[in-house]
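User: I would like to go through the pockets and an annotated site in this model. Please keep the answers short.

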Amino acid sequence: KGKCPEDGWDESTIELFLHELAIMDSNNFLGNCGVGEREGRVASGLVARRHYRLIHGIGRSGDISAVQPKAAGSSLLNKLTNSVVLDIIKLAGVRTVTNCFVVPMATGMSLTLCFLTLRHKRPQAKYIIWPRIDQKSCFKSMITAGFEPVVIENLLEGDELRTDIETVEAKIKALGAENILCVHSTTSCFAPRVPDRLEELAVICANYDIPHIVNNAYGVQSSKCMHLIQQGARVGRIDAFVQSLDKNFMVPVGGAIIAGFNASFIQEISKMYPGKASASPSLDVLITLLSLGASGYKQLLKERKEMFSYLSSELKKLADNHNERLLDTPHNPISLAMSLQNLDENNDAAVTQLGSMLFTRQVSGARVVPCGSVQTVNNYTFKGFMSHSNDYPCAYLNAASAIGIKQQDVDVFLKRLDKCLKTSRKESQKEKHINEISNSNTGTEQLED
């Protein structure tokens, strides 16, 4: 049926299935005589076993989704993977999605492929409307495709940074709809930025006949992000949405899923990919989903949501203990932020030092964001880089509840963060005391003079 099985398969069943696929490829035929330049020859047995002898990759030179006659097993693997992934996207909340394919590139390059496909439909267009998110790969995806990003600053509403819909529409009118390639929006993001107002953006795109590409990098694991995409497609226009394999399915980095509601447009994107492609990302995600089954993946989504609530409540308690606060970002379903105002007031360097302390104590993924940092990316200068805003009111620390996180991860993180905050506060107070003594001595010397 091309769907993810409800219950996961055991490893021996999955391996038997993969071996059956592999013997359908010509490089594994007994007596095969290859005289071409690409015959699936592998020098190392270890490499061959690592790939289950599925060596030919996926697609053909003109279409990444096409069937290879001499690689029937690899082609079947590709078709099945795309079908199973489509089933999971529907299960995760985007019920009306019609087509998707796994591409062996991470999210940024996959977005670039979408933009390059739109270039042929809108040859006059040179701008991409982009509500700001301080993440380099999604910004560089537009530059690499040869377009000029039009950065829309976010609005501060309470603690949250939200989409400035009025400015988006004003920019479209000022630049002319025909000169705009697309609106490039984002769902999953670091707090205090929250997912874009997808429904409003989708309506604007429909009204002005402008394509809409959504960066849904790690949004499959969030029912809220997937609901926003579903609603955006229902009330307006969403042409494609792109998500990472590693962030949503716990596989190695190197693959993404491009999905959409118009099957022919998604097929156009797949045909834009030049040449054949590695089968590794497709193989990894198929093995993972066959192992988990639909019920196993749903259980992971449920556990992630529970851990988000737990992380939120425990981080709030810790923040209160240190006279800080958990920023109020109810529209962000994955990421949380805790203020670092006390550290920031005492010493500018103390904020970044906290990040170093956490990293050396083996806490990965937590982001410490100081105020006022400036960074230039591809000749574009961003003030307050990493905070998604020119002047966010305070420094803060991020933590996320992503798929696969366990209570032990949260507990160890909070324990180490608590120790680091206490150490940072002591060091800041000590430095402050030294500065006061130094100032006092300077004053005495001036009186003596």
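The questions below concern the largest pocket and then one annotated residue.

User: What is the volume of the largest pocket?
Analyst: The model is predicted. Residues close to the centre of the largest pocket include Phe190, Ser364 and Gly365. The volume of this pocket is about 890 Å³.

User: Which element gives the most residues to the lining of the largest pocket?
Analyst: The elements that give two or more residues include α4 (107-121), α5 (136-144) and β14 (396-400). With five residues, the top contributor is α14.

User: How many residues of the lining of the largest pocket are nonpolar?
Analyst: The lining holds 39 residues. Five are charged and 12 are polar. The nonpolar count is 22.

User: Where does the largest pocket lie with respect to domain 1 and domain 2?
Analyst: Domain 1 spans 57-292 and domain 2 spans 297-433. Both give residues to the lining, so the pocket lies between domain 1 and domain 2.

User: Where does UniProt place the feature "binding site"?
Analyst: The feature comes from an unreviewed UniProt entry. The residue concerned sits in the loop between α1 (11-22) and α2 (45-50). UniProt places the feature at Arg38.

User: Is Arg38 buried, partly exposed or exposed?
Analyst: The relative accessible area of Arg38 is 28%. Buried requires under 20% and exposed over 50%. Arg38 falls in between, so it is partly exposed.

User: Which residues is Arg38 in contact with, leaving aside its neighbours within four places in sequence?
Analyst: Contact here takes heavy atoms within 4.5 Å. With those neighbours left aside, the partners of Arg38 are His56, Gln68, Lys70 and Lys276.

Notes
Residues numbered from 1 in each chain as written. Predicted model: local features only at pLDDT ≥ 70, side-chain atom pairs only at ≥ 80, totals over all residues. Heavy atoms only, no water. 1 Å grid on protein atoms, 1.4 Å probe; cavity = no way out; pocket = protein on both sides within 12 Å on 5 of 7 lines; lining within 4 Å. Points joined across faces, edges and corners; volume = space filled by probe spheres on them. Helix = DSSP H or I, 4+ residues; strand = E, 2+ residues; numbered from the N terminus. Nonpolar A, V, L, I, M, F, W, Y, C, P; charged D, E, K, R; others polar. Domains from an automatic or database assignment. UniProt positions renumbered as here; feature names shortened; annotations may be inferred. Buried < 20%, exposed > 50% of the residue type's maximum accessible area, 1.4 Å probe, protein only.
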